[in-house]
Every structure is written in structure tokens, then in C-alpha cells.
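Student: Hi! I have a new model open and would like to talk it through with you. Could we start with the charged side chains?
Tutor: Happy to, let's bring it up.

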Amino acid sequence: MKAGYNLSNISVSGNNVASSFSSISGFNVGLLVKIPLCHHFSLQPEMMYSGQGASLTDTSAQLRYNYINVPVLLKYQHASGLFAETGPQLGFLVSANITGNGKDADVTSNTQPSDFSWIFGIGYKVPKKRMGADLRYNLGFSNIAGNDNPATFKNSVFQFDLFYLF
């Protein structure tokens, strides 16, 4: 089991990009399984809820995306408890909203239903204990904007998590 803090943003490229974005805070929570492969290596599939998005810098509006993310990570763990992890992640959009000026609009139908990203992480598991912490960066590869948007929007998420292995 794990839970933690998200600091997310959206990188935008393409023609006629009228807005820039800044980071917003969110959270993540979910389950993980550690499958030993050999001496220091393991495979770690997870299923995580993740609140992501960004704030439009020229207005008070925020884009908020809720995903069920399924990362599958290759993990190297040193005997000291330090570890590094990397791997692909597939995200499934649950909802997407834009809020600002007292209004809230559902933009789920204008957002791609899935998101592919790559995770890079480091962390520490307390030796001979079942708990630890990790710090990750999720680099989005998919354009999450709807088909009618000429710009490309990609997720970018830093995560700090605490975990406990049952």
C-alpha cells in the first residue's frame, strides 16, 4: 500500500498556444506488489489513483485530471535499502474538469481516455522493515488533449510517496 503527494504540470507545444501552465498539488494512493526476480532486482506492478493537472498562469483556472495509473517498474535495491526504479505506466482517465471564477466544467469528453508515461524514481526501504519512501518523476509521452485541439498537452508529475509492504 502506498500514498503520497503529487506536484503536476502540463507541458504544451504546437501552434496557437495561448496559455502557459504552472504546477498544482494533488495526491496519489494505491496498491503495489513486489515480485523478486534475482538478487537485487524485482518487478513492481502497481495500481494507483492519481490527481494531476495544472493551473493556467494567465487566469485563475485549473485543469484537474483524475487517473487510474498502472505502472510496471523494474527495481534495483541495494542492501543498504536505497533503490532505483524505472518503467512504463499506462493511465486511464477517470474524469477531467476545468475550474475557475466559481465555475466548474467537465472536459472529460475533450480529453484522451488514456495516457502513456515513463517513470524514473529513487527511494529508500528501511532494512528489515516493511516501510519506506520514494521520489518519482512521471514523464508523459501521450498527447492528452482532445482530437480537435491543435496543441499537444503532456502530463508531467513529481511524486513523493510513503509505502508499506504487507
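Student: Let's start with Glu85: is it buried or exposed?
Tutor: Glu85 counts as buried, because its relative accessibility is 3% and the cut-off for buried is under 20%. Keep in mind as we go that this is a predicted model.

Student: Okay, and which residue does Glu85 form a salt bridge with?
Tutor: That would be Arg136, and the closest N and O atoms are 2.8 Å apart. The pair links distant parts of the chain, with Glu85 in strand 7 (residues 82–100) and Arg136 in strand 10, 51 residues apart.

Student: What about Arg136, buried or exposed?
Tutor: Arg136 is buried, since its relative accessible area is 3%.

Student: Which other side chain meets Arg136 in a salt bridge?
Tutor: Asp134 does, at 3.7 Å from N to O. Both Asp134 and Arg136 are buried.

Student: And how far apart are the closest N and O atoms of Lys2 and Asp134?
Tutor: They are 2.9 Å apart, in a salt bridge. That pair also links distant parts of the chain: Lys2 belongs to strand 1 (residues 2–13) and Asp134 to strand 10 (residues 131–140), 132 residues apart. Lys2 and Asp134 are both buried.

Student: Which residues are linked in the network of salt bridges?
Tutor: The network joins Lys2, Glu46, Lys75, Glu85, Asp134, Arg136 and Asp161.

Student: How many salt bridges does a search of the whole structure find?
Tutor: Seven.

Student: Let me follow up on Lys75. Which ring face does Lys75 lie over, at 3.9 Å from the ring centre?
Tutor: The face of Phe83. The charged end of Lys75 also sits over the ring of Phe163, 5.5 Å from the centre of that ring. Lys75 is part of the salt-bridge network too.

Student: Since we're on rings, how many aromatic pairs does a search of the whole structure find?
Tutor: Eight aromatic pairs turn up.

Student: Switching to the inside: how many residues does the largest nonpolar core have?
Tutor: The largest core has 15 residues, and Ile10, Phe21, Leu63, Tyr65 and Phe153 are those with the most contacts inside it. Strand 5 (41–56), strand 6 (62–77) and strand 7 are the elements that give two or more residues to this core.

Student: Which strand gives the most to this core?
Tutor: Strand 6, with three residues.

Student: Now the outside. Which residues form the nonpolar patch on the surface?
Tutor: Tyr5, Leu7, Ile122, Leu135, Phe158, Phe160 and Leu162, and together they have about 670 Å² of accessible area. Two or more residues of the patch come from strand 1 and from strand 11 (152–164). Strand 11 gives the most, with three residues.

Student: Why does Phe160 count as partly exposed?
Tutor: Because its relative accessibility is 42%, and partly exposed covers values between the 20% and 50% cut-offs. You'll find Phe160 in strand 11.

Student: Nice. On to the loops: what is the phi of Asn101?
Tutor: Asn101 has a positive phi of about 55°, although it is not a glycine. It lies in the loop between strand 7 and strand 8 (103–106). Asn101 is exposed, because its relative accessible area is 69%.

Student: What about Lys128, what is its phi near?
Tutor: Phi of Lys128 is near 60°, again a positive value in a residue other than glycine. Lys128 sits in the loop between strand 9 (114–125) and strand 10. With a relative accessible area of 85%, Lys128 is exposed.

Student: Where does Val33 lie?
Tutor: In the loop between strand 3 (24–32) and strand 4 (35–38). Val33 is partly exposed, with a relative accessible area of 46%. Val33 and Leu165 are 132 residues apart in sequence, and their C-alpha atoms are 8.0 Å apart in space.

Student: One last loop, then. How far apart are Thr108 and Gly30 in space?
Tutor: Their C-alpha atoms are 22 Å apart, and in sequence the two residues are 78 residues apart. Thr108 lies in the loop between strand 8 and strand 9. Its relative accessible area is 25%, so Thr108 counts as partly exposed.

Conventions: Residues numbered from 1 in each chain as written. Predicted model: local features only at pLDDT ≥ 70, side-chain atom pairs only at ≥ 80, totals over all residues. Heavy atoms only, no water. Salt bridge = Lys/Arg side-chain N within 4 Å of Asp/Glu carboxyl O. Helix = DSSP H or I, 4+ residues; strand = E, 2+ residues; numbered from the N terminus. Buried < 20%, exposed > 50% of the residue type's maximum accessible area, 1.4 Å probe, protein only. Phe/Tyr/Trp six-rings, centres within 6.5 Å; stacked < 30°, edge-to-face > 60°. Lys NZ or Arg CZ within 6 Å of the ring centre and 35° of its normal. Patch = residues over 30% accessible without salt bridge, like charges linked within 9 Å, V, L, I, M, F, W, Y side chains within 5 Å. Areas by Shrake-Rupley, 256 points an atom, 1.4 Å probe, with all protein chains shown as cover. Core = buried A, V, L, I, M, F, W, Y, C linked by side-chain atoms within 4.5 Å.
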